[in-house]
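Me: I would like a close look at one part of this protein. Please keep it brisk.
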Amino acid sequence: MRIVRYHAFGPAEVLRVEKAEVPRPGPGDVLVRVEAVGVDQADVQRRRGEHPVSLPVLPACPSADVVGYVEEVGPGLPAARVGERVVVWKARNAYADYVTAPLHRTVPVPAGLSAGQGTVVGSTGRVALQVVDTGRLRAGESVLVHGAAGAVGHMALQIAKARGAHPVIATAGSPQKRDFARSLGADIAVDYGETDWTGQIREALGGRGVDVILDGVGGDLLHSDVRLLEPYGRLVFYGASGSPTARPTLSFLDVLGMKYVTGFSMATLLEHRPDLAESGTRRLLEAVGSGSVRPVVAAEVPLADAAHAHDLVEARTSCGRVVLVP
């Protein structure tokens with residue numbers, strides 16, 4: 001089979017297609033024939049050697065959300081699972097024709113979804129839902145979603161809308177992305193690259209601040225976020241797609257106006273509150289199955305051209321998720 005690896009950190013061209021043996025499923029594992037692989041900003045950061053939390057041991061193949069069919073089961077699993085179409089969240093060595101994963105890291109693909117759409121139901125969609133949960137968003141509250149046209153952002157926007165948030169405010173860096181966010185339910189869309197973007201939001205809100213802000217971009221935006229929060233507002237920081245090497249700091253003085261700042265980590269949630277992770281997955285599948293939340297695929301790129309997929313993600317011009325297809 002084919003697998004995409006990189007042997008050094010650097011530009012997208014370090015990604016190489018190599019030959020490898022089809023992996024064998026161990027006890028409790030399934031072997032999945034890959035239909036689609038989600039490409040995330042974190043994959044790009046790790047390939048560049050710039051991820052703010054962790055870097056892989058080289059040579060490396062990205063871990064990613066995968067959709068495919070179960071081809072074989074390992075010891076301890078019923079043969080009846082063969083043939084099931086599943087999403088594997090954060091499969092190891094994911095840029096490949098086949099992957100193995102523990103059965104408990106799979107969920108069924110909701111009916112009616114394409115393979116590319118199904119990848120969004122993996123870790124990406126789960127992060128979006130849990131970030132909204134962490135913000136304790138209530139119906140009628142205003143919410144601001146940064147990077148609202150991205151893989152996580154476009155899902156978080158829709159989840160917030162489905163929960164009755166109003167208004168839903170989106171930030172995005174191009175007119176195309178802002179139009180995309182509006183098409184998914186954003187009531188207000190602004191360019192966070194403009195110097196007065198916070199003023200535009202306050203004006204639209206009649207001078208008020210925002211109740212909940214979901215920030216996966218980071219960098220200097222965090223300072224503006226805190227100032228934009230309404231008293232008793234909540235800021236959830238869950239990523240640094242905009243400035244992976246930046247280390248912004250906040251003063252306790254920034255939050256004196258009864259403002260709450262917290263971070264979100266899926267790894268921490270899985271370790272300490274697996275019950276919340278499980279219920280979140282169930283609610284995400286229900287939302288996608290009902291049609292209230294719609295995953296969007298920005299582009300499908302052949303596996304052999306993984307470097308181009310990374311270029312698309314790095315260019316920040318895509319609306320929705322970029323996926324690889326064998």
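Which residues have the most contacts inside the largest nonpolar core?

Reply: They are Val 143, Leu 157, Leu 214 and Phe 264, in a core of 47 residues. This is a predicted model: local features need pLDDT of at least 70, side-chain atom pairs count only at pLDDT 80 or more, and totals for chains, interfaces and linings use all residues. Residues are numbered from 1 along each chain as its sequence is written, and side-chain values use heavy atoms, with hydrogens and water left out.

A nonpolar core is a set of buried Ala, Val, Leu, Ile, Met, Phe, Trp, Tyr and Cys residues joined through side-chain atoms within 4.5 Å. Buried means under 20% relative accessible area (1.4 Å probe, protein chains only). In soluble globular proteins, nonpolar side chains tend to be buried together.

Several elements each supply at least two residues of this core, including α3 (123-134), β8 (143-145), α4 (153-162) and β11 (210-215). Helices (H or I, at least four residues) and strands (E, at least two) are DSSP runs, numbered from the N terminus.

Take Leu 214. Beyond its neighbours within four places in sequence, Leu 214 is in contact (heavy atoms within 4.5 Å) with Val 131, Val 132, Val 143, Leu 144, Val 145, His 146, Ala 156, Val 236 and Tyr 238.

Now helix α7. It spans residues 221-228, and 6 of its 8 residues are buried, so the rest of the structure largely encloses it. Those buried are Leu 221, Leu 222, Ser 224, Asp 225, Val 226 and Leu 228. They pack against β8, α6 (197-204), β11, β12 (229-237) and β13 (260-263).

Conventions. Buried means under 20% relative accessible area, exposed over 50%, partly exposed in between (1.4 Å probe, protein chains only).
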